Amino acid sequence: MSIEVHNISKTFGTFQALKGVSLRVETGELVALLGPSGSGKTTLLRIIAGLEQPDAGSGPICFADTDVAGRSVGDRQVGFVFQHYALFRHMTVFDNIAFGLKVRPRRVRPPRGVIRDKVLSLLKLIQLESLANRYPHQLSGGQRQRVALARALAIEPKVLLLDEPFGALDAKVRQELREWLRRLHEEIHVTSVFVTHDQEEALELAARIVVMNEGRIEQIGTPEQVFHSPQSAFVMNFLGHVNLFHGRMEEGKVRFATVSCDAPDHAPASAEAVMVFVRPHELDVDTKRNGHPSFSATVLRVSSAGPNVRLELVADSGDQIYAEIPQERFKALSITRGSRVFVTPREIRVFAET
Amino acid sequence: MRWLLIGVALGFLALFLAVPLVAVFAQALSKGLGPYFAAHWEPDALAAIRLTLLTAVIAVPVNTLFGVVASWAIAKFNFIGKNLLLTIVDLPFTVSPVVSGLVFVLLFGRTGWAGPWLEDHDLKVIFAVPGIVLATVFVTFPFVARELIPLMQAQGTEEEEAARVLGAGGWQTFRRVTLPNIKWGLLYGVILCNARAMGEFGAVSVVSGHIRGITNTMPLQVEVLYNEYNFSAAFSVASLLTMLAVVTLVLKTLVEWQNKRHMALAAREAAEGIHR
């Protein structure tokens with residue numbers, strides 16, 4: 001089932017959490033709402049679920065092109081996974097998962113045996129068959145998360161909404177659950193939206209990413225699109241590591257940090273003052289000039305643990321920057337702390353100064 | 001140093017709590033078991049016991065209901081006047097019981113605001129049972145709410161939200177999710193509320209009028225008997241109240257113990273769960 005919201009605004013007291021947001025999620029898609037805290041992503045998710053009401057004047061909230069804005073949260077048939085799982089602490093795992101079926105009105109409630117079979121099949125799906133009689137406090141974080149997911153799926157939702165689903169877990173469990181959720185989505189193919197502030201999570205898991213900032217959508221696109229073709233300085237800054245320079249546009253060239261490069265196609269023609277972004281791995285480092293436009297810098301720190309060597313540099317312009325170069329390149333250059341180097345930006349992104 | 005502190009604490013306890021407790025029973029039984037029980041079967045004493053029980057039977061459920069509703073509202077919703085409500089809940093704790101009683105006399109007494117109207121309709125509140133019940137309800141109303149508000153605030157609203165998303169209605173959410181989560185705190189509050197409802201003296205004394213056999217509750221009856229130098233009868237009735245206190249303490253300890261055991265179990269198993 002598709003989800004479509006149109007022109008949604010939400011104000012809490014004097015704080016405007018959402019400012020006219022529109023979004024469409026296609027049937028069976030897995031979409032991430034990505035943004036820093038306070039960007040409105042959780043509010044948007046809760047409005048889709050019906051846990052919050054949008055401000056008056058907001059547009060419709062459509063499930064499968066039917067407006068559900070007037071429907072209560074219980075009637076929307078959404079599966080919602082809360083950030084801290086919100087498992088019923090006094091109920092066993094079994095009863096937690098069965099809850100959504102047991103509270104149905106008598107005429108639509110499945111018989112006991114059917115509920116039992118349904119719960120057992122879900123326990124199998126989350127690989128926790130042996131823990132049916134445990135209480136939530138007897139489970140690890142990852143197990144709780146899976147129970148929360150099974151509980152949401154028990155009511156056979158048309159839409160699955162997840163609020164920071166891995167936020168409270170440690171790194172290793174996070175990674176495992178991420179894999180597991182992706183496989184699960186491939187299996188059951190329910191339209192899913194999850195909220196995260198972790199760009200890596202969004203890039204890895206989602207088919208499309210909605211980048212949000214200060215109550216607005218900055219960009220919607222595939223992970224490749226938002227990472228490689230960011231449409232705003234915010235998206236560039238938020239996804240991956242970046243070096244930021246403040247420069248100027250001069251006759252089709254960008255001048256920054258004592259270097260002058262050809263302006264890329266997307267550069268604003270009119271703006272004088274610009275922000276120039278370069279990712280650390282898009283900087284070439286050499287010990288001598290190599291014919292390409294470059295600026296000179298001094299090495300402040302070298303950290304060579306990891307697949308790449310990370311260099312902390314200070315440009316002669318005073319800008320502090322990071323560069324990442326492959327291990328072999330680092331060995332060939334034989335640079336240490338204090339070395340003088342020449343830095344060539346291979347790719348730059350330019351946005352008007354705001 | 002440790003023994004000194006423990007010694008001082010225990011000595012203080014013995015002097016101010018244990019000795020009076022023993023004294024009450026000693027005095028009550030000073031003339032033997034016969035007069036002790038006779039004092040309970042005396043019609044005025046029986047009426048006082050009946051009135052005390054009636055008051056508690058009304059005040060405790062009313063305040064349980066009010067306490068649950070108020071703490072639900074305060075802990076789970078944001079609304080205008082929330083802080084005001086919080087303050088009002090505490091009012092009976094901050095006002096002297098005598099003043100609480102006087103407020104009711106001012107409201108419902110013969111010269112009070114509602115007095116003429118009540119007289120026209122031949123209703124009696126002050127110096128009658130309704131006044132005693134009202135004063136008791138007023139004095140005991142913070143107990144349940146005070147117990148539940150911090151508990152419900154700590155538990156947050158996520159479980160209720162989860163229940164609603166899963167299709168549960170308001171009543172189902174309360175009965176299946178909220179109530180089981182607060183049951184020990186609620187029980188604790190009810191026990192304290194009941195103890196105070198039966199033992200309240202000040203506010204009830206002001207509105208009761210001390211009519212023997214009609215508007216005397218047990219604490220008032222004790223005072224009347226005592227003032228008539230009928231010490232053994234006074235202490236005999238007092239011993240019933242003391243026993244109520246002891247029973248309350250035992251119940252309270254049991255509930256607290258149960259509560260703690262629950263928490264400890266949860267903490268231990270949570271720790272094990274993480275290491276598994």
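Visitor: What makes strand S17 (residues 308–315) of chain A and S18(A) a pair?

Guide: Two strands pair if DSSP finds at least two bridges between them, and strands are DSSP runs of E with at least two residues, numbered from the N terminus. S17 and S18 of chain A are joined over 7 bridges in the antiparallel sense, so they satisfy the definition. One of the bridges sets A:Asn308 opposite A:Pro326 in S18(A). This is a predicted model, in which local features need pLDDT of at least 70, side-chain atom pairs count only at pLDDT 80 or more, and totals for chains, interfaces and linings use all residues. Residues are numbered from 1 along each chain as its sequence is written, while chains are lettered from A and ligands numbered from 1 in the order in which they are written.

Visitor: Why are S15 and S18 of chain A said to stand at the edges?

Guide: The open sheet has 5 strands in the order S15-S19-S16-S17-S18 (chain A), with antiparallel pairing. Strand S15 (283–286) and strand S18 (320–326) each have a single partner strand, so one side of each lacks a neighbour in the sheet. Neighbouring strands here are turned by 45 degrees against each other on average, direction ignored; the axes are lines fitted to C-alpha atoms, for helices over the stretch in contact, and angles run from 0 to 180 degrees between N-to-C directions.

Visitor: How do you know that S12 and S13 of chain A pair, and what do they form?

Guide: Strand S12 (residues 253–256) and strand S13 (residues 259–262) of chain A share 4 antiparallel bridges, with A:Val254 bridged to A:Cys261. They form a hairpin with 2 residues between them. S12(A) also pairs with strand S11 (residues 243–250) of chain A in the antiparallel sense, over 3 bridges, and A:Glu250 stands opposite A:Lys253. These strands belong to an open antiparallel sheet ordered S13-S12-S11-S14-S20 (chain A).

Visitor: What is notable about phi at A:Thr258 and A:Ser334?

Guide: Most residues other than glycine have a negative phi. A:Thr258, in the loop between S12 and S13 of chain A, has a positive phi of about 60 degrees. A:Ser334, in the loop between helix H9 (327–333) and strand S19 (340–345) of chain A, has a positive phi of about 45 degrees.

Visitor: Why is A:Ser334 called exposed, and A:Thr258 partly exposed?

Guide: A residue is buried if 20 or more other C-beta atoms lie within 10 Å of its own, exposed if 12 or fewer, and partly exposed in between, with C-beta atoms placed from the backbone. A:Ser334 has 8 such atoms and is therefore exposed, whereas A:Thr258 has 14 and is therefore partly exposed.

Visitor: What makes a set of residues a nonpolar core, and which residues have the most contacts inside the largest one?

Guide: A nonpolar core is a set of buried Ala, Val, Leu, Ile, Met, Phe, Trp, Tyr and Cys residues joined through C-beta atoms within 7 Å. The largest has 107 residues, and those with the most contacts inside it are A:Ala32, A:Ile48, A:Leu161, A:Val254 and A:Val276. Its largest share, 7 residues, comes from helix H4 (residues 141–154) of chain A; helices are DSSP runs of H or I with at least four residues.

Visitor: How many residues does each chain bring to the contact between A and B?

Guide: Chain A brings 21 residues and chain B brings 19 residues, two residues being in contact if their C-beta atoms, placed from the backbone, lie within 7 Å.
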